[in-house]
Amino acid sequence: MYLTQSLHRAIQQYPDRMASIFADRSRTFVEHVDRVARLAGGLTSLGVEPGDRVAMLGLNSDRYLEYLMAVPWADAVLVPVNTRWSFAEVADSFEDCQVSVLLVDHAFRDMAARLVERCPSVRVVIDAGEQGEPLPDSLDYEELIRGNEPVPDARRSGFDLAAIFYTGGTTGRSKGVMLSHNNLMTSALGCAAAGFWATPGGIFLHTAPMFHLADLCLWAAHSLAGSTHVILGGFEAARVLETVAEHRVTDLFLVPTMIQMLISHPDIHTADLSSVRRFCYGASPIPPVVLDRTLELLPDVELVKSGSVVYEG
């Protein structure tokens, strides 16, 4: 099993279905796979070798989605960076796993410069930002895609290392957890068996941070199902309500704090949530009053917590 497996199936089964929607950009699976293969080609042209660590320090975007597939396509290893960490914590993780390539958006431009100074293993910085001045001494993300031909999928798979995720570090120094392709794909299939599955032909909304394993697990599961990925840069209750209505979102994942903010928003009573079929939550306990209110407001929606169906409308 391997993470990029879902892309090969998508090209065969539904090439013209929308793969990603972010801001004013939308791309079909054909377009998405082409960009993934070209980005992988760009990484290879920069000297990325099998097993090299490639980090992403950025907010949610369609480029983050491409990064998650292009790195294993290029036979390298994902290192999604916790955007809530201090500079010292990020630098410590880079030194620990020897990150060689860093993709970064403009929200973290100052930290990126300090990381290059501190961590000699980082030899290439790719500017994946949307606006503003280019990062100094960096390569442009879009130019890297335009300037390289698509390369064949390395099909890094099985017990090959897929990604390194760092623990929260609440009881000491954060530790890098090495997860194989089998680990992540088994988790995705487990989500399916436990109820974390996509509505057929569904649309999944990313509002939780994409660096986190909770969102990544659902990304992998929904990728297997051929879902369209609608992406918000971060969580904002009003924007979530607007996006669900605009793109007819069928599946969401939120942590309980986000749920409370959503159901407390004044527009909740007028928002069109009729497309929603499944509402997944987790990462922390949900207060009973919030759960009861959610069930009251969304009586026709299946609620799923950590793989257990709480209520099925």
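**Largest pocket, helix 11 and the loop residue S121**

The largest pocket has a volume of about 220 Å³ in this structure, which is a predicted model. Its lining is made up of 14 residues, and of these N82, F165, Y166, F211 and H212 are the closest to the centre of the pocket. Two strands, strand 4 (77-80) and strand 8 (161-166), each supply at least two residues of this lining. In chemical character, the residues lining the largest pocket divide into eight that are nonpolar, five that are polar and one that is charged.

Helix 11, which spans residues 288-297, has V290, L291 and T294 as its buried residues. These residues lie on the same side of helix 11, because the arc that they cover around the axis is only 100 degrees. On the face of helix 11 that is turned away from this buried side, the exposed residues P288, V289 and E296 are found.

A further buried position occurs in a loop. S121 is located in the loop that runs between helix 5 (109-118) and strand 6 (124-127), and S121 counts as buried because its relative accessibility is 16%, the cut-off for a buried residue being under 20%. When residues up to four places away in sequence are not counted, S121 touches F94, Q98, V99 and S100.

Conventions. Residues numbered from 1 in each chain as written. Predicted model: local features only at pLDDT ≥ 70, side-chain atom pairs only at ≥ 80, totals over all residues. Heavy atoms only, no water. 1 Å grid on protein atoms, 1.4 Å probe; cavity = no way out; pocket = protein on both sides within 12 Å on 5 of 7 lines; lining within 4 Å. Points joined across faces, edges and corners; volume = space filled by probe spheres on them. Helix = DSSP H or I, 4+ residues; strand = E, 2+ residues; numbered from the N terminus. Nonpolar A, V, L, I, M, F, W, Y, C, P; charged D, E, K, R; others polar. Buried < 20%, exposed > 50% of the residue type's maximum accessible area, 1.4 Å probe, protein only. Arc of directions from axis to C-beta. Contact = heavy atoms within 4.5 Å.
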